[in-house]
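Morning, everyone. I'll walk you through one structure, from the inside of the protein out to the DNA. Please look at the screen.

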Amino acid sequence: MPELPEVETIKSGLQTLLKGKVIESLSFDWPKSYPNSLADTKQFLYGAKIVKVRRRAKVLIIDLSSDYSLVIHLKMTGQLVYKDHKVRYGGGHPNESLISKLPDKSTRVIITFKDTSQLFFNDQRKFGWMKLMPTSMIENLDFFKKLGPEPLEKDFSAEVLKKRLKRRPNSSVKAALLDQSVIAGVGNIYADETLWGAKVKPARLVKDIKNGEFTKLYHALVDVLRLSIKLGGSTDRNYLSAEGKKGSYLAFASVFRKEDQACPRCGHTILKTRVASRGTHYCPHCQK
DNA sequence: CACTTGACCTGTCCGC
DNA sequence: TGCGGACAGGTCAAGT
């Protein structure tokens, strides 16, 4: 479930933890988690230095001094957790239990740096992947070419959101929000939270959304994403930051995973239904 | 063409 | 206690 705020939090952590480190070696236990050949790995990964860590939509990009990059999609259960063996995680360190157990049975890829520290790519459900490719090739990938705008970039506005959502007039507004070619980075948690914030029912069709509602959707979306980044993202089940920390946004969520509880705005009971083939949480009273 | 559903996977939870 | 099945939900391919 890493969505934009979770991937952004991991990016910030990795940027600090990994910058300037030199890769010694890589190992993996599941080919789909790391599909590259050993020859390419030795030539372009071993000995390369970490130059920069970036994010686009829900994808992480680690740029290397070899002009290759590691492109990483965590999908639903992926984690990237860093462990420095010179640091003692015992003695009450808040992340002791999580980090000291690595690697564990969900570890798919291990990157070891020259200084003996390690980056663990854990992925319980094996949907995620980490691919080594030339940095210049990334923008040509179909996935990247189709992506919609980043909602936290300066030029994103209510007008842009309206224009993008209207590309799918006959879809539910929730399905359109989840479509990465419409807007990049929104997943199930922040779609539900955004719709609650804008007082819009998830199943409403885009063509029936009023101008004023697009403006509310815009403000709700940006506010929800910014708040979640501030809180280190949402830990629903699996998500951890690069430092092995859980995110605390869900404690502040209004509807996500709050079915049968009172709506924080009007007090009516929050429902869980299915919209766009996803579990969908909303208040039937104040979301119109 | 626009949109929805199934596949990819494993762990957890629920009912019998 | 054990077991089958539903569910979790990001993205792509296949189906309507």
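Start with a term: a residue is buried if its relative accessible area is under 20%, exposed if over 50%, and partly exposed in between, using a 1.4 Å probe and protein chains only. Now the ground rules. This is a predicted model, where local features need pLDDT of at least 70, side-chain atom pairs count only at pLDDT 80 or more, and totals for chains, interfaces and linings use all residues. Residues are numbered from 1 along each chain as its sequence is written, chains are lettered from A and ligands numbered from 1 in the order in which they are written, and side-chain values use heavy atoms, with hydrogens and water left out.

First stop, Leu-60. Buried or exposed? Leu-60 is buried, because its relative accessible area is 0%. It sits in strand β3, residues 59-64. Helices (H or I, at least four residues) and strands (E, at least two) are DSSP runs, numbered from the N terminus. What does Leu-60 touch? Contact here means heavy atoms within 4.5 Å. Leaving aside neighbours within four places in sequence, the partners of Leu-60 include Val-7, Ile-10, Leu-14, Leu-70 and Leu-80. Phe-156 is 96 residues away along the chain, and its C-alpha atom is 21 Å from that of Leu-60.

Next, helix α7. It runs over residues 188-197 and holds Thr-194. Thr-194 is buried too, since its relative accessible area is 0%. Beyond four places in sequence, Thr-194 contacts Leu-217, Ala-220, Leu-221 and Val-224. How many of the 10 residues of α7 are buried? The count is 9, so the helix is mostly covered. Tyr-190 and Trp-196 are among them. What do these buried residues pack against? Their partners are α1 (4-18), α6 (173-178), α8 (211-230) and β10 (278-282). Just after α7, Lys-199 takes a positive phi of about 60 degrees.

Now zoom out. Chain A divides into domain 1 (4-145) and domain 2 (158-282), with bounds from an automatic or database domain assignment. Their C-alpha centres lie 28 Å apart. The contact takes 21 residues from domain 1 and 20 from domain 2. Together the domains bury about 1800 Å², with 64% of it on carbon and sulfur atoms. Buried area is the accessible area (1.4 Å probe) that two parts lose on being put together, summed over both.

On to the DNA. A residue is near a strand if one of its heavy atoms lies within 4 Å of it. Around DNA strand B we find, among others, Trp-30, Lys-105, Phe-127 and Ser-277. Of the strand B atoms within 4 Å of the protein, 65% belong to sugar or phosphate, the rest to bases. Three side chains are worth pointing at. An N or O atom of Lys-32 is 2.5 Å from a phosphate oxygen of strand B. For Gln-124, a sugar or linking oxygen is 3.1 Å away. For Arg-125, a base oxygen is 2.7 Å away.

Last, DNA strand C. Of the 18 residues around it, His-73, Met-76, Phe-127, Lys-272 and Arg-278 come nearest. Sugar and phosphate make up 58% of the strand C atoms within 4 Å of the protein. Which distances go with its phosphate oxygens? An N or O atom in the side chain of Lys-272 is 2.3 Å from one. For Arg-274 the distance is 2.8 Å. For Gln-180, it is 3.5 Å.

Conventions. A polar contact is a pair of N or O atoms within 3.5 Å; within protein, one must be able to donate a hydrogen and the other to accept it, and residues adjacent in sequence count only if both atoms are side-chain atoms.
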